[in-house]
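User: I've got a model open and I'd like to know how its labels are earned. Can you walk me through the reasoning?

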Amino acid sequence: MGRTGSGKASFHAKKRKANRGDSDSDSSSDEDRLKPKLKTSHVAAVEKTTSFTVKCMPDYRRRKMKFVDFIVKEYPALAEELIYELTPEQMADPRRHYHKATHDFYFQKLPASVLQSFLSSQWKDKEKGIKYTFDHLRKYHDAILKCAEFSPYNLPRSYGIEMRPYLDNLEKEL
């Protein structure tokens, strides 16, 4: 394809030229021109969706703390390696959304097998006589994923790879 023969650069050539910074016009004016004026109702909808994460963080942190309690009780030796206590400064940081959480994970060290053992032990509450649904248990996994986004420590890549088949099987089991 390439040149059209008219002596003008193709659309893609102009785009490449703009990406290199060799544009014929000011790129900021192009950005302003291309930035759409969103309707007020759409802006409000985007803000509502964005704020939903903040509204969900107390639930995520509560679920994560239940997982922390499980590790401390069932795997105390592992708890020292995986969990750290939050400082008052960390808890006060509004960007981290700790709410009432007192501990957090070194997420890069968190093995998927520990969460799997937690989920497998939680699906039935003998004291209350309740059998939980898959969606209830999946929310613990979601909480780990979301809390890791706000943590300075990232989850290992193997975490997602190991959790996907486990969650698929758990869904079938329940």
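User: Why is Gln122 called buried?

Analyst: Its relative accessible area is 19%, and buried means under 20%, with exposed over 50% and partly exposed in between (1.4 Å probe, protein chains only). So Gln122 counts as buried. Gln122 is found in helix 6, where helices (H or I, at least four residues) and strands (E, at least two) are DSSP runs, numbered from the N terminus. Leaving aside neighbours within four places in sequence, Gln122 is in contact (heavy atoms within 4.5 Å) with Lys66, Tyr132 and Leu137.

User: What should I keep in mind about the source of these values?

Analyst: This is a predicted model, where local features need pLDDT of at least 70 and side-chain atom pairs count only at pLDDT 80 or more, while totals for chains, interfaces and linings use all residues. Residues are numbered from 1 along each chain as its sequence is written, and side-chain values use heavy atoms, with hydrogens and water left out.

User: How do you know that Leu115 is buried or exposed?

Analyst: Leu115 has a relative accessible area of 0%, so the verdict is buried. Leu115 also sits in helix 6. Beyond four places in sequence, its contacts are Phe67, His141, Ile144, Tyr159 and Met163. Take Met163: 48 residues separate it from Leu115 in sequence, yet their C-alpha atoms are 8.7 Å apart.

User: Why does the span of helix 8 agree with what is expected?

Analyst: The expected span is 1.5 Å times one less than the number of residues. For the 17 residues of helix 8 (residues 157-173) that gives 24 Å, and the end C-alpha atoms are 25 Å apart, so the two agree. Helix 7 (residues 134-149) passes a similar check: 16 residues, 23 Å from first C-alpha to last, close to the 22 Å expected.

User: Where is the kink in helix 8, and what makes up its angle?

Analyst: The kink is at Met163, shortly before the proline Pro165, and comes to about 25°. The bend at a residue is the angle between axes fitted to the seven residues ending there and the seven starting there. Met163 is also one of the buried residues of helix 8, along with Tyr159, Tyr166, Leu167 and Leu170. What covers them includes helix 6 (112-122) and helix 7.

User: What makes a set of residues a nonpolar core, and which members touch the most others?

Analyst: A nonpolar core is a set of buried Ala, Val, Leu, Ile, Met, Phe, Trp, Tyr and Cys residues joined through side-chain atoms within 4.5 Å. The largest one here has 36 residues, and Phe67, Ile71, Phe105 and Leu119 touch the most other members. Helix 3 (40-74) is among the elements giving two or more residues to this core, and its eight residues are the largest share. As for Leu119, its contacts beyond four places in sequence are Leu137, Tyr140, Met163, Tyr166 and Leu167.

User: Why is the ring pair of Phe67 and Phe118 called tilted?

Analyst: Rings of Phe, Tyr and Trp (its six-membered ring) pair if their centres lie within 6.5 Å; planes under 30 degrees apart count as stacked, over 60 as edge-to-face and the rest as tilted. There are nine aromatic pairs by this rule. For Phe67 and Phe118 the centres are 5.1 Å apart and the planes at 50°, so the pair is tilted. This pair links helix 3 to helix 6, 51 residues apart. Phe67 has a relative accessible area of 1%, so Phe67 is buried, and Phe118, at 1%, is buried too.
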